[in-house]
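Hi,

Here is the structure I said I would pass on. Have a look at it first, and then read my notes below.

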Amino acid sequence: MATLADSFLQDLEDLEEDHDGDEEAAAAAAKKAVPAKLPPKKVQKIDEGDADAAADAEKAGEGAEKEEGEGTTKVSEMLQNEEFQKLMDEVRERKDEQPALELGKQLSEEDTEYPLITRCNSLVREIDEEMLNIHRFVRDVYAKKFPELESIVVSPLDYLQVVQRIGNTKDLTTIDFSDILPNTAIMAITVTASMTTGTSLPEQELDKMMVACDEAFLLNDCKRDVLLYLESRMSGLAPNLSALLGAALAAKLITAAGGLLNLARMPAQNIMLVGSTKKALLGMSTSSYHTQGIVMVSDLILSTPIEFRNRAVKLVAGKCGLAARVDSFHESPLGQVGTQLREKILQSLAKAQEPPPAKQKKTLPPPEDKPRAKRGGKRHRRIKEKYGQTEFKKLVNRVKFGVDAEENIYTEEWGLGIPFFEGKPQAIKSQKFSKEKQLQQQLKAQKRQRNAAAAGNESGFSRFPALTPVQ
């Protein structure tokens, strides 16, 4: 009787036999699939054109391999453009030169330097687009390492600087970002990096990303040179806008708008958003991003209190449009209009910041002294006679000057006599009797009458004798 171990051994032998059979079948199928060799005559007969084509294909393959090898060092196509390099050399040569303009004249389309200025206006926008492309490339590569960094650092240049400093470092507490980012952003990056799910990048991708960051910084330097050149030409190109905003800010605004004519055609509400960029708001802010245009960097707006900045932005944007239109028509070449517009903005902002006047108490209107129209006639005369002042009252009211008033001692109350009458004045009883005194006087009179009647009956005498009938 076979044991359990013997049954396991038998199963293993069966499996080995099946495996050997499968290998033999696969070898037979491979022999059948081998193609027949070409005859030697056909291999030797190759045209010269086919040989040239094969050589070109080999060269193309080698070039592709070289490009793949050099791809780690070349990311930006603009830096490899010869036209761009020549243009930057010309800009750097003329950057420190001052334009030879007569007093009271502006740069016009007939000047030899005007085409270079217009080309620089468009060149700044092209450089910005190229830098954004590099930022997208680095962002896509570095998302494998730190995907949350994009939402914390929004500015492209700041993002590239942070990426270049971090690299594959895991502990970010040893890296100093104080010269790039505020403290709130640094804290957010440090905390988020400790909880991120990203992985380290390969050396090849990391090297290519670092080269892309260096090229972005080089393009930023080229952009700075172009802006410095345009700033030196703003006094001749747009003197009024330069007087209003300053040469540096005027150059940035014109380049962001695509030229002076495009800026002159823009309405004020669009000028406020020219060159707007997203600004990250971290901490206790209610919104995560804030859009900020180039005009917001003006000293007119930054020197205004926060509660009046919306008004200041509207004023500056409107006056920028007016100044650009004046410059586009080549009027006021010395910038008088721009200076006047700046003074008007300062005056309106100062007036808006004044405290409201205190409330003044309104005086009552003067009374009308004109006599009213009264009703005449018999009825009116009777009422006037009834309630009018009598002659006696008029005499009582008359007082002699320099004579003291006499005291009235004939009445219970003290009063004044009438000094008008000559001789001995007559006593005038005071008319101020209270009801209680009048009642007492009446009671006293009644009592006297009763006493008198009682006294007559007691004496037995009568005024008339009593008459009796004759008996």
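Before anything else, one term: pLDDT is the predictor's confidence in each residue, on a scale from 0 to 100. You'll need that because this is a predicted model. Over residues 29–72 the pLDDT stays under 50, and for that stretch the model has six contacts beyond four places in sequence. Residues 418–431 also stay under 50, with 17 contacts beyond four places in sequence. For the protein chain as a whole, the average pLDDT is 76, and 69% of the residues score at least 70.

Now for the helices. I started with H16, which covers residues 309–328. Does its length add up, or does it fall short of what its 20 residues should span? At 1.5 Å a residue the expected span is 28 Å, and the end C-alpha atoms are 28 Å apart, so the two agree. Plenty of H16 is buried, including Ala 312, Val 313, Val 316, Ala 317, Lys 319 and Cys 320. Further along, Gly 321, Ala 323, Ala 324, Val 326, Asp 327 and Ser 328 are also among the buried residues. After the helix comes His 330, which has a positive phi, near 55 degrees.

Leu 315 sits in H16 too. Is Leu 315 buried or exposed? Neither, as it turns out: its relative accessible area is 21%, so it counts as partly exposed, given that buried means under 20%. Setting aside neighbours within four places in sequence, Leu 315 is in contact with Ile 345, Ser 348 and Leu 349. Its C-alpha atom is also 9.8 Å from that of Arg 342, 27 residues away along the chain.

Next, the charged pairs. Side chains of opposite charge can pair when their charged atoms come close. The count here comes to 13 salt bridges, and these are the ones I'd look at.

- Glu 205 with Lys 144: the closest N and O atoms are 3.3 Å apart. This pair links distant parts of the chain, 61 residues apart, with Glu 205 in helix H9 (residues 203–232) and Lys 144 in the loop between helix H5 (114–142) and helix H6 (149–152). Glu 205 has 28% relative accessibility, so it is partly exposed, and Lys 144, at 46%, counts as partly exposed.
- Asp 221 with Arg 224: the closest N and O atoms are 2.8 Å apart. Both residues are in helix H9, three residues apart, or about one turn of the helix. Asp 221 is partly exposed at 35% relative accessible area, and Arg 224 is partly exposed at 42%.
- Lys 394 with Glu 391: these side chains meet at 3.8 Å, N to O. Both are in helix H19 (residues 391–397), again three residues apart and about one turn. Lys 394 is partly exposed, with 39% relative accessibility, while Glu 391 counts as exposed at 56%. Elsewhere, salt bridges that share partners join Asp 89, Arg 92 and Asp 225 into one network.

Why would residues three places apart in a helix be able to meet like this? An α-helix has 3.6 residues a turn, so residues three or four places apart point the same way.

On the surface there is also a nonpolar patch, formed by Met 187, Val 191 and Met 195, with about 340 Å² of accessible area together. Met 195 belongs to helix H8 (residues 183–195), and its 61% relative accessibility makes it exposed.

Two serines to finish. Where is Ser 200? It lies in the loop between H8 and H9, and at 41% relative accessibility it counts as partly exposed. Beyond its neighbours within four places in sequence, Ser 200 is in contact with Lys 145, Asn 168 and Lys 170. The C-alpha atoms of Ser 200 and Thr 169 are 8.5 Å apart, with their positions 31 residues apart along the chain.

Ser 242 is in helix H11 (residues 239–245). With 14% relative accessibility, Ser 242 is buried. Leaving aside neighbours within four places in sequence, its contacts are Met 234, Ser 235, Ala 247 and Ala 250.

Cheers

Note on methods: Residues are numbered from 1 along each chain as its sequence is written. This is a predicted model: local features need pLDDT of at least 70, side-chain atom pairs count only at pLDDT 80 or more; totals for chains, interfaces and linings use all residues. Side-chain values use heavy atoms; hydrogens and water are left out. Helices (H or I, at least four residues) and strands (E, at least two) are DSSP runs, numbered from the N terminus. The expected span of a helix is 1.5 Å times one less than its number of residues. Buried means under 20% relative accessible area, exposed over 50%, partly exposed in between (1.4 Å probe, protein chains only). A salt bridge is a side-chain nitrogen of Lys or Arg within 4 Å of a carboxyl oxygen of Asp or Glu. Patches are made of residues with over 30% relative accessible area and no salt bridge: like charges are joined within 9 Å, nonpolar side chains (Val, Leu, Ile, Met, Phe, Trp, Tyr) within 5 Å. Accessible areas come from the Shrake-Rupley method with a 1.4 Å probe; for residues, only the protein chains shown count as cover. Contact means heavy atoms within 4.5 Å.
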